[in-house]
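Here's a quick tour of one helix and the pocket beside the rest of the fold. Have the model open as you read.

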Amino acid sequence: LGDAFATELHSTLARVDRLRIASRRSSFVFKDASVDIREIGRRLNVDYVISGSVQCRGAAVHVVAELDDASSGTQIWAHTYDRKSEDLLAIEKDIAGAIVGSFATHQLRAETDSARHKSTSSLDAWGLVQKARAFAFEYTPRGLAEAIEPVRRAIELDEDYPAAHAMLASLLVERLVNGWSTEPKRDEAAALEAAEKSTTLAPQDPFILKMASLVWTYFGDYRRAIGCLRKAVEYAPFDFGAWGYMGWPLTASGEEKDLSDLRNILDRLLSTEPHHPGAAFWRYHASVADLCEGSLEPARVSAEAALELRPNLSLACMHYANVLGLLKRKKAAQEALERCAKINPAMTPKHFASLIERLTDNPSVIEHRLGGLRKIGALRG
């Protein structure tokens, strides 16, 4: 049973984009050996080692998984999984997916944290893009401004590096979404140009497709964005960021089947990896989906959860004010507007309304997303 779990885990890891793993035959040499983690890492030439154990307890299976840093030999995380043993094949796939999801999140944090603390001059184009991602995770005016410089430097080093162009496109759109652009027309044109170039250079790269989807969504082409993301997760099924990005175009569509699809995606993401850097956005998208379906109280709860995870997310704060307005909680909605103004003065009701009307052509979605602000007098018309 332990071998079966290890085999399933190895197969699942092999599907992670840009991850090199040691062969199963080489890895399994160490399954019964008392060898130091650092020695295993050296002999397999790997950065991480995943190990674990399986125990059968009556009608249940207890699985322990551990991730170790192969260079230092220290434990990074350990998780336990308990499942009923009615369907061992399903259990193997379920737990393997959960382990890989946790590993992918750790790998993302490790890559960006490492690049963030290195000087721009010491990094290659790939490292510069990772540095930019680290700054972008802050989701602040300063963070986005600092993220653009290393991306432009990456393009100077390699003019045809698609990831740099894709990252630049997404950063410019983030700046536009939050009202932080001082030259919106120029940034819009540059974002479009960078997105088109990146997808031309690498039309099947999951990262490029994920970044470009934000641009298409911002310009109201949510069907193209959905198509990009469908391809991205087909190529990289454990890219949780790509799955989460579907929240933007699927809520812009507002169609029942798209909202249902999004609900299933977000439930899976939040149950598998609730501490992912994108979790606050997943909660925000869940709230928008609830709102579009007319479920106001669940929309309020999810919006509050998003703001608890990321208090400076002004987009979620303005959305929260709208939800409270629809719930006829005018005082609380006004307080949310005041909080939003402190977080990001550029995220005004007027800017938010222009953004929503840009993202979607569905009148029902527009009414749901702006109706509460109209009720409390923050918007006219």
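## Ground rules

Helices here are DSSP runs of H or I with at least four residues, and strands are E runs of at least two, numbered from the N terminus. This is a predicted model, so local features need pLDDT of at least 70, side-chain atom pairs count only at pLDDT 80 or more, and totals for chains, interfaces and linings use all residues. Residues are numbered from 1 along each chain, and side-chain values use heavy atoms, with hydrogens and water left out.

## Helix α13

Start with α13 (residues 256-272): at 1.5 Å a residue (times one less than the residue count), its 17 residues should span 24 Å, and the end C-alpha atoms are 24 Å apart, which agrees. Its buried residues (under 20% relative accessible area, 1.4 Å probe, protein chains only) are Asp258, Leu259, Leu262, Ile265, Leu266, Leu269 and Leu270. Looking down the axis, these fall within an arc of 125 degrees (taken from directions from the axis to the C-beta atoms), so they line one face of the helix.

What covers that buried side? The cover includes α10 (222-235), α11, α12 (247-253) and α14, with contact meaning heavy atoms within 4.5 Å. On the face turned away sit the exposed residues (over 50%) Glu256, Lys257 and Ser271.

## Who lines the largest pocket

By element, α4 gives the most to the lining of the largest pocket, with ten residues. The lining splits into 31 nonpolar, ten polar and nine charged residues. Nonpolar covers Ala, Val, Leu, Ile, Met, Phe, Trp, Tyr, Cys and Pro, charged covers Asp, Glu, Lys and Arg, and the others, Gly among them, are polar. A pocket is an open set of points on a 1 Å grid over the protein atoms alone where a 1.4 Å probe fits, with protein on both sides within 12 Å along at least five of seven lines; lining residues have an atom within 4 Å of a point.
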